[in-house]
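Walk through this fold one strand, one loop and one pocket at a time. Keep the model open as you read.

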Amino acid sequence: MHDSKPVLSKNIKITDAFWKEKAELIRTEVIPYQWKALNDEIENAEPSYSLRNLRLAAECIEKRKKGIKTPVFPTNEWHYRPNSKNENAFYGWIFQDSDLYKWIEAVSYSLQNTADKKLEALADKAIGLICSSQNENGYINSFYTINNPEKSFTNLRDHHELYCFGHLAEAAVAYYNTTGKNRLLNAACRFADLLCDEFGANGRKGYGGHEIAEMALIKLYEATGAEKYLSLAKLFIDRRGTKPYYFDLERNENSDDKLNYFYNQAHLPVREQKEAVGHAVRAVYLYSGMADAARYTKDEALFDACKTLFNDITEKKMYITGGIGSTKDGEAFTFAYDLPNDLAYSETCASIGLVFFARRMLQADFDSKYADIMERCLYNSILSGMAEDGKSFFYVNPLEVNPEACKKDSRKSHVKPVRQKWFDCACCPPNLARIISDYAEYCFTETEDTLFVNLYQSADIKTDKADIKIISDYLTSGSVSFKIKAKREFKLALRIPYWSSNFKFSKQNPFIRKGYAYFDIENDEELTAEYNPEIRIVKCNSNVRENIGKAAVARGPIVYCLEEKDNGEKLHLLRLSRKPKFSFDGEAITANGYKEEITSNKLYLEYKDAFEKPVRLKFIPYYKWANRGENEMSVYIRY
């Protein structure tokens, strides 16, 4: 196990047209749109109640300070609809605070890319509201603060207090790192100090039902140097799955010797977990914290568990797009090779969490397979989650859609043929905003003597080793050039993408290890990499029952799909030719194929070879689907 750190965004200027455009869309459209959504100002969209709840929580605290008794409301549900009897109660999902925290984190990273005084002032306003909702003991959570403070920390399994804390802490660190302003960081540390008192070595043996506090505490540790935050993160990890189950104790129940709590990844101690199970987002958030903790504490057994879980996900339970979580039941993993296309859940947040996990694994194990997964997710399942105008979103990212089935088959009701303006459970949109704004920090990592290039795009970077100008045509020709102004001797490690079988470098005979080509840099020099993004026909392992006899089309890191808009209705009747004669116009791929003609209305008839007519098929990048209205879509085609 090694150790490295990301090159910080403030030392990177992304000049790449593709990602610069996405980041600017986040700043100018997505973040302002989401601020309106958080204020319940989007017409015909699900209300958020996020800012409304925090304002009400702040009012409750002010009243209590003055000795005014506030009403008590129920705390036994996950979701609260407004009605005339509880207009002073909490509304929405119990984790609604976290949406605002992710929005602040997105603003933080966006400000690193482009100074924006108006946006910063808006974030300061939101931070003031959050801090005004903080209890005297450091506790921040609008749900319990409004409905019943006496019930706080009584349902760690379900009620997301530690989850909300985690997003608060991550936002606080990001905003502090960007602006130097510490008001939110101080509030997060006060809350973390309370958690250390409540759940530290001498406190209750609890841990969160929805993970993220683990990696958030480690971010606080990185920002402050306070060892107690790292220690608490490790305690949360080490306690998970031990018996008696804490989730039983808080309910006065007993699960005996049964393996319970798969949904929360609390069924076994983490070092004994060999398979990714349960809620997919919770899983990868936990594994991210485990990887961080293993790296900082040099816990080889914990890191071995991370490697086992990473391999289980990416080799048996991941869609070609980088999506994970194949069932809507529990938004969860099921079993190996169970990857249905039209029933897929593949939540946007789950792919984002997988990128978090992969980056942390890469920081400890310099293996290109981790960066390959980051790239797969970022260019496919993550970008799919947002419309090209930044004003509608997918929660679920299927690989096949028939709009009629979405409306008439309850098993597929979670699949939407068009993106939604907002969601009452709106975790995905602000998660998208924060990761796209923070894209730069996933591109480069470094040790004392090596700079790793993990993702390729045009950029100017500054480190203590060198100033480097990268000019990239990665998505089109696969060519990437580096102009290096060395400050001292170091090694430059370039990832060889998994999809590039024919690659070459202008500097000969690099040392290649675990998918990285290492070059000794002693003086100023120029270096070019050529990765040749050929069009590929990709098949699944034959254990994936849904895709026997089918294939997908990909080019470079991008997975492609068919849409009805280009290929007509009934995409299931299409077949890719064995001699496709592919052509690429810079975005779309066309190919020879066939479309079966239906010659009878009978439901069953004697088998005969189908009559097919030749057609020219058109494939578009998967992330661009559903931007032209409601229509059929399919990633896989008969072959």
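Strands β9 and β10 (residues 479–486) pair in the antiparallel sense, over 8 bridges. The model is predicted, and this pairing is a good place to enter it. Two bridges help to set the register. S472 has V480 of β10 as its bridge partner. D473 faces S479 in β10. Between the two strands runs a hairpin with 5 residues, and in that hairpin G478 takes a positive phi near 85 degrees.

Now turn to the other neighbour of β9. Strand β8 (residues 459–462) pairs with β9 over 4 bridges, again in the antiparallel sense. A hairpin of 3 residues joins β8 to β9. Here A459 stands opposite I470 of β9.

Which side chains of β9 are buried, and which are not? The strand covers residues 466–473, and its side chains alternate. A466, I468, I470 and S472 point to one face and are buried. D467, K469, I471 and D473 point to the other face and are not buried. Two of these residues have already appeared: I470, opposite A459, and S472, the partner of V480.

Step back to the sheet. It is open, with 6 strands in the order β2-β8-β9-β10-β15-β12 and antiparallel pairing. Its edge strands are β2 (12–14) and β12 (504–505), each of which pairs on one side only. Strands of a sheet pair through backbone hydrogen bonds, in either a parallel or an antiparallel sense.

Follow the chain out of edge strand β2. D16 lies in the loop between β2 and α1. D16 counts as buried because its relative accessible area is 10%, below the 20% cut-off. Its side chain reaches the backbone nitrogen of F18 at 3.0 Å. The same side chain reaches the backbone nitrogen of W19 at 3.3 Å. Leaving aside neighbours within four places in sequence, D16 is in contact with E21, Q457, S458 and S472. S472 brings us back to β9, where its side chain is on the buried face. A longer view runs from D16 to G629: they are 613 residues apart along the chain, and their C-alpha atoms are separated by 29 Å.

Next come some backbone angles. Most residues other than glycine have a negative phi, and most peptide bonds are trans. D40 is not a glycine, yet its phi is positive, at about 60 degrees. D40 sits in the loop between α1 (17–38) and α2 (50–65). With a relative accessible area of 33%, D40 is partly exposed. A626 also has a positive phi, near 65 degrees, in a residue other than glycine. A626 belongs to the loop between β22 (612–621) and β23 (633–634). Its relative accessible area is 10%, so A626 is buried. The peptide bond from K243 to P244 is cis, with omega near 0 degrees. P244 is in the loop between α9 (227–239) and α10.

Past α10, look at H279. It lies in the loop between α10 (246–249) and α11 (280–297). Is H279 buried or exposed? Its relative accessibility is 5%, so H279 counts as buried. The H279 side chain reaches the backbone nitrogen of R282 at 3.2 Å. Not counting residues up to four places away in sequence, H279 touches H210, Y263, Q265, G330, E331 and A332.

One of those contacts, E331, leads into a pocket. E331, Y345, Y395, D424 and C425 lie nearest the centre of the second largest pocket, which is lined by 32 residues. Its volume is about 640 Å³. Helix α11 gives the most to this lining, with 3 residues. By class, the lining has 16 nonpolar, 8 polar and 8 charged residues.

Finally, the largest pocket. Its volume is about 810 Å³. It is lined by 35 residues, of which P6, L8, N177, E222 and E441 lie nearest its centre. Several elements each supply at least two residues of this lining, among them β1 (5–6), α3 (97–113), α6 (161–179) and α8 (213–224). Helix α11 is also one of them, as are α13 (348–364) and α16 (428–437). The lining divides into 12 nonpolar, 7 polar and 16 charged residues.

Technical notes. Residues numbered from 1 in each chain as written. Predicted model: local features only at pLDDT ≥ 70, side-chain atom pairs only at ≥ 80, totals over all residues. Heavy atoms only, no water. Buried < 20%, exposed > 50% of the residue type's maximum accessible area, 1.4 Å probe, protein only. Polar contact = N/O pair within 3.5 Å; in protein donor to acceptor, adjacent residues only side chain to side chain. Contact = heavy atoms within 4.5 Å. Pairing = 2+ DSSP bridges. 1 Å grid on protein atoms, 1.4 Å probe; cavity = no way out; pocket = protein on both sides within 12 Å on 5 of 7 lines; lining within 4 Å. Points joined across faces, edges and corners; volume = space filled by probe spheres on them. Nonpolar A, V, L, I, M, F, W, Y, C, P; charged D, E, K, R; others polar.
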